[in-house]
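Please open the structure in your viewer and keep the sequence beside it. The tour below proposes one selection after another and describes what is found at each.

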Amino acid sequence: MNIKKWIVAVVALFCVFMIGTVASVYIYPPQGVLIFEYHRVNDDSVDTDDYSLSRQQFQEQLDYFKDNGYNTISLMDYIRAKKYGEELPPNPIILTFDDGYEDNYINMMPMVQAMGMKATMFMATNYIGKEGYVNWQQLKEMQDNGIEIGSHTANHIPLNEVPVENLDNEIKLSKLLMEWNGMKTIYFFSYPNGVYTDESIKCLKDNDYLAAVTGNAGYNQSNTDNFLLQRTNVSNYRFGSLGFKWRLLKTKILYRLGINQHID
Ligand SMILES: [Zn+2]
């Protein structure tokens with residue numbers, strides 16, 4: 001065989017493999033908990049920021065979840081199910097919001113509540129009260145309204161850039177600052193930019209966190225590492241709801257192929 005034929009054969013084999021993989025996720029859909037990563041819900045920033053969804057885009061996704069039988073749970077629900085075998089609703093999903101933008105208070109919370117859904121917000125605590133971010137009163141109000149609050153460090157620095165001796169400032173103090181300001185105990189953490197290190201995981205465990213979310217898409221199972229939970233990033237897709245459905249399919253494919261899956 002000449003080189004050309006080899007290339008055709010390899011490409012054909014790859015296509016068959018991918019078609020088989022895609023077919024498998026339809027025939028045997030993956031099971032487990034899907035965690036979604038959002039940032040902003042804001043009509044004003046949607047044209048300039050990939051991490052912003054318009055209210056309409058966000059509502060379409062909430063409707064999609066409802067129409068397709070997904071049920072929102074909190075991270076605490078997930079951890080309790082894992083630890084104590086408590087039952088979860090069918091097709092459980094967790095909606096998470098990073099950074100602590102004020103539009104989460106203004107737009108996200110009422111929209112989620114109107115759907116009877118749950119959500120989790122991860123705060124970069126030194127941003128609280130700055131322009132564009134929630135203030136302490138809004139944050140407390142969100143918690144009182146059932147939004148689960150977690151930490152996203154103090155200063156939003158990727159943890160591989162934080163000297164080990166300063167990890168406590170980002171991981172421990174961000175948690176304590178919220179608790180000292182009257183928030184309930186903080187148990188959950190989101191890695192800035194999805195970056196984690198062995199030292200940061202150790203620091204989280206030493207400070208009584210129960211779980212942390214990454215930016216690696218996939219399904220969370222009973223044997224998924226609690227400090228490397230799989231999470232699907234949702235951005236402002238060029239192709240609207242088709243883009244969102246492709247993102248979901250991509251998560252299923254990555255999971256099925258075992259790419260970046262954190263199994264204990
Ligand atoms: Zn962030």
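Which residue in β6 is the bridge partner of T96? The partner is T120. The model is a predicted one, in which local features need pLDDT of at least 70 and side-chain atom pairs count only at pLDDT 80 or more, while totals for chains, interfaces and linings use all residues. Residues are numbered from 1 along each chain as its sequence is written.

**First selection: strand β6**

Select residues 120-123, which form strand β6. Helices (H or I, at least four residues) and strands (E, at least two) are DSSP runs, numbered from the N terminus. T120 and F122 point one way from β6, whereas M121 and M123 point the other way. These four residues are buried, a term that requires 20 or more other C-beta atoms within 10 Å of a residue's own, with C-beta atoms placed from the backbone.

**Second selection: the neighbouring strands**

Add strand β5 (residues 92-99), which pairs with β6 in the parallel sense over 4 bridges. Two strands pair if DSSP finds at least two bridges between them. Next add strand β7 (residues 148-151), which runs parallel to β6 and is joined to β6 by 4 bridges. Here F122 stands opposite G150 in β7.

**Third selection: the connecting helices**

Show helix α4 (residues 102-114), which makes a right-handed β-α-β unit with β5 and β6. A crossover is right-handed if, with the strands pointing away from the viewer, the path from the first strand over the helix to the second runs clockwise. From β6 the chain crosses through helix α5 (residues 136-144) to β7, and this β-α-β crossover is also right-handed.

Within α4, select M108. Is M108 buried or exposed? M108 counts as buried because it has 25 C-beta neighbours inside 10 Å. Leaving aside neighbours within four places in sequence, M108 is in contact (C-beta atoms, placed from the backbone, within 7 Å) with V41, F97, D103 and A119.

**Fourth selection: helix α6**

Select residues 167-180, the 14 residues of helix α6. A kink of about 35 degrees is centred on L173; the bend at a residue is the angle between axes fitted to the seven residues ending there and the seven starting there. Among the buried residues of α6 are L167, I171 and M178. What covers the buried residues of α6 includes β6, β7 and α7 (198-206). Finally, select G182, just after α6, which takes a positive phi of about 95 degrees.

Conventions:
A residue is buried if 20 or more other C-beta atoms lie within 10 Å of its own, exposed if 12 or fewer, and partly exposed in between; C-beta atoms are placed from the backbone. The expected span of a helix is 1.5 Å times one less than its number of residues. Two residues are in contact if their C-beta atoms, placed from the backbone, lie within 7 Å.
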